[in-house]
Amino acid sequence: MILSAENKKEIGIFCLVAGLLMLIPSLNAWGPDSGFLSMSSFQVSLWGKYLTYAILAMSLNLLWGYTGLLCLCQSLFFALGGYAMGMYLMLMIGERGAYKSPLPDFMVFLGYQELPIHWQPFYSFWFTAGAVLWVPGLVAMIFGFLAFRSRIKGVYFSILTQALTYAVCLLFFRNDFTFGGNNGFTDFKDILGASINDASTTRWLYIASALLLLITYLITSGLLASKLGKVQQAIRDSENRVLFSGYSTTSFKLVIFVLSAMIAGAAGALYVPQVGGINPSAMEAAKSLEVVVWVAVGGRGTKWGPVIGAILVNLFKSYTTQAFPDYWLIIMGGMFVCVVLFMPDGIVGIYQQIKSKIAQQRSLQTTEA
Amino acid sequence: MSELILATGDEQAALIEEIANYGDPVIAEIYEAWRTGGVYTFESDTGLQLLQFTELQEWVLVSTGEVVPLSEADADRVEKERASRSVRKSMKSIIDTLGLKAEDANVRIDSAIKMGRSQKMEFVPALEARLLVEPSKEVKQAIEEALAISLLENGDAEQKLAAVKDLTKMKSIAARGFIEKVLQAERDAARAQGPLALASANALLVIEEHVKIMEFLGSFFRGFSTGSVLLIVSFGLAITFGLMGIINMAHGEFVAIGGYTTYMVQTFFMNQWGLSSEAFGWYFVVSLPLSFLMAAGIGLLLEKTIIRFLYRRPLESLLCTWGISMVMQQGFRLIFGAANVQVNNPTWLMGNLSVGGFSMSYTRLFIMFVALLVVLLTWLLLRKTNLGLHIRAVMQNRSMASSLGIPVARVNSMTFALGCGLAALGGSVLSQIGNVGPLMGQQYIVDSFMVVVIGSVGNLLGAGISAMGIGFVDQLLQPSLGPVMGKITVFFVIILFLQWRPGGLFPTRSRSLDD
């Protein structure tokens with residue numbers, strides 16, 4: 001690869017971000033116990049959670065920012081990955097649950113005698129690690145095939161994905177769906193033999209999230225540089241022209257949809273052990289919309305925008321829910337309206353926006369003079 | 001009345017009967033209070049007063065129902081008035097049968113059914129006596145049914161057989177369990193081939209058949225009314241989304257505005273004229289247009305400030321209106337509280353219309369009527385008025401309409417306001433069958449979008465048909481699959497339907513590439 005000035009700058013930013021990300025677990029492990037530089041385990045897991053959100057936002061950006069498909073079921077894929085991981089974690093509790101049974105507590109409660117067959121393979125961590133990817137991938141493939149085949153696009157695609165989320169969410173709320181009903185999974189104990197509440201486990205989960213974030217970034221930039229990525233952006237800009245040039249846009253869109261679902265699933269799998277539970281509210285339609293807002297705030301179609309958006313919005317959300325519990329929804333809602341109206345390119349685009357404004361002003365002044 | 005309670009012995013028994021013949025429901029209430037020891041005498045300055053201690057911890061004058069403020073000292077001087085044992089007993093059966101003499105035919109039917117179900121011998125004379133003087137045909141039927149059910153338990157073999165045959169003729173669903181019991185008793189007595197057993201078995205078959213027909217009619221009716229609700233809620237969306245291209249995620253909140261406006265109007269009427277007054281019945285008639293205007297006004301404001309920047313940017317409109325929906329939801333919570341508020345049905349919407357034994361609630365019928373009205377008025381507005389012409393022109397081609405001198409900005413605001421107003425109309429109607437709360441619109445929003453997509457965007461006829469279709473499919477699937485699985489199946493049916501007809505029911509033909 002030729003290192004042009006642009007590329008050098010990108011690699012520089014990438015290394016800087018990687019360094020910053022690794023600062024948090026290092027401070028937690030070796031930093032001081034108190035003072036400005038101290039970093040508690042709670043904060044590490046909090047930031048780990050934000051990072052999984054950032055990955056989720058990046059996966060949506062792949063679809064919305066670069067392919068022009070506004071997908072409102074991203075949180076569904078996220079939750080599916082989370083549920084797959086949750087099944088493994090539930091089985092790892094073993095006989096330490098409230099009912100001292102090898103079955104998960106909610107199953108004992110519902111009167112199950114033995115583990116349902118589709119739960120059996122989740123004793124294996126590696127099967128789980130695979131399922132985290134292929135379960136959301138499969139759902140995306142089936143739905144995407146049906147949707148893209150009948151040329152559902154634009155707004156209709158968004159509405160249908162929202163309906164899909166709604167339907168599956170209703171399903172998970174049911175008790176007899178063997179996924180814990182509206183309580184979902186909680187009360188995890190171990191992951192890969194290590195206690196989930198250990199400081200070192202928290203750190204490792206954070207590091208895994210950070211690595212996934214960096215890998216997702218590499219996938220995104222690799223994709224954009226490839227031919228697939230070029231076609232992808234061409235579809236965003238004008239699908240009809242791509243069609244007329246002889247490309248089957250259906251299969252391109254399907255590949256990207258499945259890839260994006262898998263990334264979201266992996267992010268969900270890392271989210272669950274760090275938060276300590278998952279329930280169907282994680283896949284409500286409103287959550288998917290929130291992800292869209294993160295991307296919009298950060299800047300859609302930019303490489304780091306979604307990450308910045310996800311982290312900033314969530315930090316802001318944490319702050320407002322504490323400071324103004326009654327008004328935070330109004331503040332957030334107002335913020336979304338403002339972002340859409342005044343910052344079409346998001347935070348990342350502000351610099352460009354200001355620059356073009358100034359240039360406009362200057363040219364006006366010169367013409368007047 | 002006061003005479004009665006203060007009288008003694010035989011006089012009391014005679015008076016009880018006499019007063020009961022007035023048939024006023026208040027009498028039952030007072031009797032009940034007296035029987036359980038809730039009536040007191042009080043020696044006041046103006047003479048002896050009869051008081052009743054109500055559930056609200058207030059002293060009420062028995063004769064007029066006025067609240068009497070009593071001081072602590074006075075309260076101590078109040079004496080409990082006890083009814084003697086024989087009086088209590090005769091009162092008990094009078095209270096039970098008093099319902100038969102009530103003014104309201106529905107109350108009479110209810111009490112007849114209740115008495116029949118209890119299968120007590122002592123009610124039979126009362127029922128028979130009432131049958132002779134009962135003017136209403138429906139009540140007569142109910143009493144006959146009650147008598148037959150009662151005889152199933154109490155009559156001799158002959159009477160039982162006659163009763164079973166009567167019930168077969170009446171296709172009485174209420175009697176099913178009782179006939180089963182008779183059949184079981186006959187079988188236990190080794191008379192499975194006896195005339196009574198055979199008649200019972202036959203009766204069960206006939207009733208079963210009848211139940212099936214009723215169930216079918218029931219799901220038909222429910223499907224129609226679910227469809228009507230969907231139709232009213234989604235018609236506004238068909239206009240804002242279908243015609244204008246604005247994905248209004250706040251549509252559900254406009255539905256809630258309708259519900260809350262109805263609530264406010266109701267509260268106003270309640271404070272002004274009281275819950276039981278004649279005027280209160282009119283609140284719903286007032287609240288329907290008012291909620292339309294309220295939401296249309298807010299919609300107009302929203303269009304002028306925010307929405308007008310979002311034409312031709314559907315995805316941005318989705319995000320922006322979602323923000324607006326969050327703000328509005330929290331606004332409702334701050335103003336009305338997070339819990340649902342209570343909206344009462346006006347009296348003229350209570351009860352059922354019963355045709356051939358099949359009953360339809362007035363609220364549901366009213367909703368269908370409103371849905372029909374909405375469709376008709378919208379169609380007239382869009383097809384027969386100047387504004388409608390302008391709306392259609394602007395929606396088809398904004399710039400061309402503008403160059404032809406149509407005031408595009410004004411038409412846009414009017415259209416958006418119309419869509420919001422229709423949503424609120426839906427909310428106002430929904431307040432009669434469901435909860436009014438900050439999230440009330442959210443339940444319908446996904447379904448409404450489906451309706452618009454299936455019905456082909458921008459096609460109001462399509463929206464109407466698809467709303468009805470979704471309502472029917474939903475109600476047909478619900479009995480076998482349950483509400484949740486039914487709903488999920490509907491979604492998958494919709495997705496599969498779009499494989500077959502991607503453009504919905506009535507796709508618009510256009511030469512434009514991006515349609």
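So, chain B and chain A: 41 residues of chain B are in contact with 41 residues of chain A, contact meaning heavy atoms within 4.5 Å. Before I go on, this is a predicted model, where local features need pLDDT of at least 70 and side-chain atom pairs count only at pLDDT 80 or more, while totals for chains, interfaces and linings use all residues. Residues are numbered from 1 along each chain as its sequence is written, chains are lettered from A and ligands numbered from 1 in the order in which they are written, and side-chain values use heavy atoms, with hydrogens and water left out.

Back to the interface. About 3800 Å² is buried between chain B and chain A, and carbon and sulfur atoms give 81% of that; buried area here is the accessible area (1.4 Å probe) that two parts lose on being put together, summed over both. On the chain B side, the residues that lose the most area to chain A are Leu319(B), Trp322(B) and Gln499(B), together 17% of what that side buries.

How many salt bridges are there between chain B and chain A? Zero, taking a salt bridge as a side-chain nitrogen of Lys or Arg within 4 Å of a carboxyl oxygen of Asp or Glu. Polar contacts do turn up between the two chains: four residue pairs, both residues at pLDDT 80 or more. A polar contact is a pair of N or O atoms within 3.5 Å; within protein, one must be able to donate a hydrogen and the other to accept it, and residues adjacent in sequence count only if both atoms are side-chain atoms.

And which helices of chain B supply the side that touches chain A? Helix 14 (314-336), helix 19 (442-454) and helix 20 (460-500) each supply at least two residues. Helix 14 of chain B gives the most, with 15 residues. Helices (H or I, at least four residues) are DSSP runs, numbered from the N terminus.

Now, salt bridges elsewhere. Over all chains the structure holds eight. One of them ties helix 19 to helix 20 in chain B: Asp447(B) with Lys487(B), closest N and O atoms 3.4 Å apart. Those two residues lie in different helices, so the pair joins parts that are 40 residues apart in sequence. Asp447(B) is buried at 11% relative accessible area, whereas Lys487(B), at 22%, is partly exposed. Buried means under 20% relative accessible area, exposed over 50%, partly exposed in between (1.4 Å probe, protein chains only).

Over in chain A, Glu239(A) and Lys253(A) meet at 2.9 Å, N to O. Glu239(A) sits in helix 9 (residues 239-244) and Lys253(A) in helix 10 (residues 249-275), 14 residues apart. Both are buried.

Last topic, the aromatics. There are 45 aromatic pairs over all chains. Rings of Phe, Tyr and Trp (its six-membered ring) pair if their centres lie within 6.5 Å; planes under 30 degrees apart count as stacked, over 60 as edge-to-face and the rest as tilted. Take Tyr247(A) and Phe252(A): centres 5.8 Å apart, planes at 70 degrees, so edge-to-face. In chain B, Phe268(B) and Trp273(B) are edge-to-face too, at 6.4 Å and 90 degrees.

Finally, a charge over a ring: Arg398(B) lies over the face of Tyr311(B), 4.4 Å from the ring centre. The test is NZ of Lys or CZ of Arg within 6 Å of the ring centre and within 35 degrees of the ring normal.
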